[in-house]
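Please look through the sequence and the structure below before reading the briefing. The points that follow are grouped by topic and can be checked against the model one by one.

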Amino acid sequence: MNNPSIDELRQQIDQLDNELVNLLARRQNVTREIGRYKSKAGLPVYVPEREDELLKACRDKAEKQGVSGDLIEDILRRVMRDSYQAQHDQYVCVNPEVKNVVVIGGRGALGRVFVDMFERSGYPVTVVEKQDWQQADSIFANASLVIVAVPIAITEQIIQQLHNLPKDCILADITSIKQKPYQAMMVAHNGPVVGLHPMFGPDVPSLVKQVIVICDGREPGAYKWLLEQMHIWGATLYHTTPQEHDQAMAFIQVMRHFSSFVYGNHLRMEDPSLTQLIALSSPIYRLELAMVGRLFAQDPALYADIIFNNKDSIALLKRYRDRLDEALTLVERGDKAAFIKQFFKTGSWFGDYAKVCLKDSKRLLLKADDDRRFDIPTVK
């Protein structure tokens, strides 16, 4: 009896796991109550200070009991993420005086996200698509907010038709480029104008911790309620100018998507065994391959618009190509010393952020390896 068998130990583990499930169920019920309270009180779903305090307190308590602080933090972060989704049901309406929120292109992928969020917040919402355009004038006549959520290629064309909006109506867009839509909105409408860029895709479960870029336009006081509403949804708001936005997106979006496109296209043309690549890859390489593969599971027209509509990025991409050629020349010459010298210079440019990246990537890799199976499926 002093030396329990493996079966007895496993039974103890099963019992403890059952207790964990029951605790998580109880916690989820409390979380839902908190969500209802926040909705009534108009409190944001995500409060970073509260999250930080809770994580620190639990880490300290765990380490005093000989339990890994990293383990507890990993568990709690996962539980919190699920808790945020449990609270993603209903939100307070910041501005009950809004007559109508009109989303042009609201049946599109990202447009649906905003339609859903406004409806969860109790706003009257009307979706306008191509077939509804004949009734658009009557719809816009009662609009307090019009959001343009159409493909980049036709955004300016649509905006140019919005010259009869009510004077106090807010005109906004959610396009991934900002200068041209921003200028078009400022010309088309004499009332409040704001440029928005949601830095997420349509598959997000909620807006908690998601970034929305704000390009302030005309009469910011008039759309203050809109920013407060997005904050209550849990979004992180970052203010910048349209010019700074587009310059940053050339690096954040255009370069990354273009590089992934070229890498994926190169794989296709070289035609290695994808099944073997996956089987031989460690978590870090599978993640990198997944980021490339993810691109090709999405709408090609969207990424073509992002890459092709930012003409200023062409020179940037050419410089990127030149630096690839320069790096290849170092390899051809066998000049390891020059390679290492450049490596150190770049590491110095990243500074302490490189260490942050190393730490963060370790966490991602541990999660990526959790579901690692040795029966690798065959990929065509």
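A residue is called buried when its relative accessible area is under 20%, exposed when it is over 50%, and partly exposed in between. By that rule E63, at 44% relative accessibility, counts as partly exposed. The structure is a predicted model, and a search of the whole of it finds 15 salt bridges but zero disulfides.

**Salt bridges**

- The side chains of R59 and E63 meet in a salt bridge, with a nitrogen-to-oxygen distance of 3.5 Å; the two residues are four apart in helix α2, which spans residues 48-64, so they are separated by about one helical turn.
- R294 and D203 also form a salt bridge, and their closest N and O atoms are 3.7 Å apart. Because R294 lies in helix α11 (residues 283-295) while D203 lies in the loop between β5 and β6, this pair ties together parts that are 91 residues apart in sequence.
- The two partners of that bridge fall into separate accessibility classes, since R294 is partly exposed with a relative accessible area of 41%, whereas D203 counts as exposed at 56%.
- A further salt bridge joins the side chains of D322 and R321, again with 3.5 Å from N to O. D322 is partly exposed at 35% relative accessibility, and R321 is partly exposed as well, with a relative accessible area of 45%.
- Some of these charged residues belong to a network of salt bridges, which links E51, R59, E63, D70, E73, R77 and K209.

**Positive phi angles**

- Most residues other than glycine have a negative phi, which is the background for the next two points.
- K209, a member of the salt-bridge network, has a positive phi of about 70 degrees although it is not a glycine. K209 is placed in the loop between β5 (193-198) and β6 (211-218), and it is partly exposed, with a relative accessible area of 38%.
- E219 is another residue other than glycine with a positive phi, in this case near 55 degrees. Its place is in the loop between β6 and α8 (224-232), and with a relative accessible area of 34% E219 is partly exposed.

**Cysteines**

- Why does C215 not take part in a disulfide? A disulfide is a covalent bond between the sulfur atoms of two cysteines. The closest cysteine sulfur to that of C215 is in C169, and because it is 19 Å away, it is too far for a bond.
- Is C215 buried or exposed? At 0% relative accessibility, C215 counts as buried, whereas another cysteine, C357, is partly exposed at 30%.

**A nonpolar surface patch**

- Which residues form a nonpolar patch on the surface? The patch is made of F339, I340, F343 and F344, which together have about 480 Å² of accessible area.
- One of these residues, I340, is found in helix α14, which covers residues 336-350, and I340 counts as partly exposed at 43% relative accessibility.

Key:
Residues are numbered from 1 along each chain as its sequence is written. This is a predicted model: local features need pLDDT of at least 70, side-chain atom pairs count only at pLDDT 80 or more; totals for chains, interfaces and linings use all residues. Side-chain values use heavy atoms; hydrogens and water are left out. Buried means under 20% relative accessible area, exposed over 50%, partly exposed in between (1.4 Å probe, protein chains only). A salt bridge is a side-chain nitrogen of Lys or Arg within 4 Å of a carboxyl oxygen of Asp or Glu. A disulfide is a pair of cysteine sulfur atoms within 2.5 Å. Patches are made of residues with over 30% relative accessible area and no salt bridge: like charges are joined within 9 Å, nonpolar side chains (Val, Leu, Ile, Met, Phe, Trp, Tyr) within 5 Å. Accessible areas come from the Shrake-Rupley method with a 1.4 Å probe; for residues, only the protein chains shown count as cover.
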